[in-house]
Amino acid sequence: MDEAMERESVPETSNPIGFDGIEFIEFATSRPQALGSLLEMMGFRPVARHRSREVELYRQGTMNIIVNAQPADVPRIVEPVERPVISAFAIRVRDADYAFRRALDLGAWEIPVRARAMELNIPAIHGVGESLVYFVDRYDEFSIYDIDFRPIPTVDPHPSAVAGLHLFGIVQYIGVDRTADWVEFYSRIFGFTPLSDQVRFGIMPKGLLLQSPCRNFYLQLIEPEAGAGDIPLEEHLHRVGLGTPDVRDAVAQLEKRGIEFVASQAVHANDRGALTKPYLGGVMFELVHSDSAPKR
Amino acid sequence: MAMNFADFGMDTASLAGTLECKLAAIRGAGFGQVMLAANDIVGHPASATGGNRAVRESGLRVTGFEALRDFEGLGGKLHAYKVAVAKSMLELCHGVGCDLLLVEATTLKHAHADPERVASDLRKLAMLAIPLGIRIAFKPREGSRTAHDLASASDIVFRAACPNLGLALDAFDALVAQTPHDDIEALAPQQIFVVQLSDFMWHEIRSPAEHASTATHFRVFPGEGAHSDELAALVRRLDKIGYAGDFSFDVYNHDYLQMPAESVADRARAAAEWLGETVLRRALPVPNLERLAQSR
């Protein structure tokens with residue numbers, strides 16, 4: 001009763017920034033070719049290069065992955081090293097400037113504008129660890145890539161997805177007792193909603209799931225396990241989750257391309273999901289059963 | 001020894017000398033934690049980097065970082081200015097490996113005192129602190145129109161409703177204001193992020209001016225002042241409601257700044273022994289506390 005009344009008293013804020021999915025996920029690494037090869041094994045194709053920076057765009061189906069090898073140019077962002085890390089994700093919103101201003105009003109940290117002449121200024125805020133969250137509103141008639149990137153000649157700019165793979169979510173490792181803080185961050189700034197413990201996807205059912213206002217994207221917050229030792233883990237974006245309507249088919253197709261999956265007693269591929277082995281010092285992808293590929 | 005020093009820490013403001021001397025005296029007296037002021041770090045002869053190194057090498061855990069003042073209730077450019085100051089404080093706090101920033105309720109006449117607005121500003125501050133893993137401890141101040149006592153500060157923290165926003169309780173203020181113990185019992189233990197302990201020598205304080213001078217010059221360690229019984233009762237009350245966080249001695253005393261740091265640290269040690277052995281008895285098993293936690 002109380003809960004229902006509370007929900008009614010909340011004004012139209014379920015999707016305050018017009019959250020409409022994820023435009024891209026960015027990895028930073030000083031060895032972009034090595035990561036590029038892994039991404040190609042995962043079914044992505046390089047489709048474009050940045051005009052002025054050491055940045056490449058990989059694509060498959062509806063997913064865009066940016067590989068960034070550009071040295072860090074402002075404080076508190078990822079300095080590319082050999083081991084690739086997830087350094088940013090970009091949210092599609094109704095009005096990027098509005099979403100950005102609103103985030104700053106709520107207490108987000110802006111990063112200094114980095115656009116050069118003739119480049120788009122994509123507003124961004126600091127996220128977990130050294131990662132960034134971008135706000136993108138150009139994804140309908142024309143895209144950010146039309147302006148800042150040059151297509152790679154003779155390459156299909158829209159390669160289809162292996163086994164219907166689509167972006168499902170990102171797993172974020174957090175510190176002890178930090179779940180409530182990050183729920184606060186993602187719900188207030190972006191409109192994410194925490195899901196009940198009963199809702200689980202895939203084969204790694206740990207931590208807490210947050211659902212995006214557009215219901216197409218999930219963040220999974222995982223605190224260290226009890227007794228995991230005293231060494232404090234830096235909070236970070238750990239791995240990307242890919243949805244597929246048929247996990248076993250996706251595993252078979254990716255294995256054919258050379259990807260290996262974890263096959264232990266506790267973690268192994270089944271109808272619900274699968275986990276790739278760690279590559280390049282720790283990059284792994286999780287497959288999750290999911291029918292609904294986002295639009296586009 | 002029966003008592004547990006881990007619960008108690010000293011404040012660098014109680015001691016004379018360089019940061020390194022203060023830290024050595026605190027460590028030498030057996031303490032494991034220290035409350036720092038921003039000036040300890042930025043005022044270090046080898047800049048903030050040197051200050052951070054000194055703290056790291058001391059092996060002391062940092063209880064908290066003092067203090068952001070006059071933050072809330074401001075408009076326009078003043079607000080933007082204070083947000084910039086707050087960001088600097090948060091970065092310093094993070095840089096020294098501390099996860100708690102103390103924020104004193106504003107005493108500015110320019111500040112709006114509307115509780116909703118104050119709560120909103122503190123919510124923004126708490127949001128700024130989330131990516132850095134910092135908690136905000138809001139401390140009432142005598143003479144503040146936003147939060148002059150524990151009850152009003154608690155009301156604002158409750159309105160702001162952020163997981164990383166809580167209260168700093170200063171026993172000195174509680175003694176001077178003769179805060180009813182019911183006010184303390186009304187607090188949830190998880191709402192109190194840190195407790196600062198000090199006493200003073202006179203039996204009563206007759207004017208706001210006397211309050212101010214006593215607070216900044218004439219505080220003494222617990223067990224040394226005129227209100228040992230009240231202080232002991234307060235600490236027991238906190239223990240009873242389930243407070244299990246840190247106690248920091250916030251003794252600001254001009255006489256102590258003319259004494260060798262080691263001998264002042266010895267006085268602090270005597271205070272910790274008095275509290276640990278005769279008041280708190282925390283080193284003993286506390287089955288009652290666990291029962292209390294379960295009944296919540």
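These questions and answers go through a predicted model with chains A and B.

Me: How many residues of chain A are in contact with chain B?
Reply: Contact here is judged by C-beta atoms within 7 Å. On the side of chain B, ten residues take part. The residues of chain A in contact with them number 14.

Me: Of the residues of chain B that touch chain A, how many are nonpolar?
Reply: The residues on this side of chain B fall into three classes. One is charged and two are polar. The nonpolar residues number seven.

Me: Which residues touch the most other members of the largest nonpolar core?
Reply: This core has 169 residues. It draws at least three residues from each of domain 1 (22-151) and domain 2 (162-289) of chain A. The residues that touch the most other members are A:I91, B:L101 and B:F138.

Me: Which residues does B:L101 touch, not counting residues up to four places away in sequence?
Reply: B:L101 is among the three residues that touch the most other members of the largest nonpolar core. Leaving out residues up to four places away in sequence, B:L101 touches B:F65, B:L68, B:M89, B:L90, B:C93, B:A129, B:I134 and B:I136.

Me: Why is strand β9 of chain A largely enclosed by the rest of the structure?
Reply: A residue counts as buried if 20 or more other C-beta atoms lie within 10 Å of its own. Strand β9 of chain A covers residues 166-173. It is largely enclosed because eight of its eight residues are buried.

Me: In which sense does β9(A) pair with strand β13 of chain A?
Reply: Strand β13 covers residues 236-244, and β9(A) pairs with it over seven bridges. A:G169 stands opposite A:G241 in β13(A). The sense of the pairing is antiparallel.

Key:
Residues numbered from 1 in each chain as written. Chains lettered and ligands numbered in written order. Predicted model: local features only at pLDDT ≥ 70, side-chain atom pairs only at ≥ 80, totals over all residues. Contact = placed C-beta atoms within 7 Å. Nonpolar A, V, L, I, M, F, W, Y, C, P; charged D, E, K, R; others polar. Core = buried A, V, L, I, M, F, W, Y, C linked by C-beta atoms within 7 Å. Buried ≥ 20, exposed ≤ 12 C-beta atoms within 10 Å, placed from the backbone. Domains from an automatic or database assignment. Helix = DSSP H or I, 4+ residues; strand = E, 2+ residues; numbered from the N terminus. Pairing = 2+ DSSP bridges.
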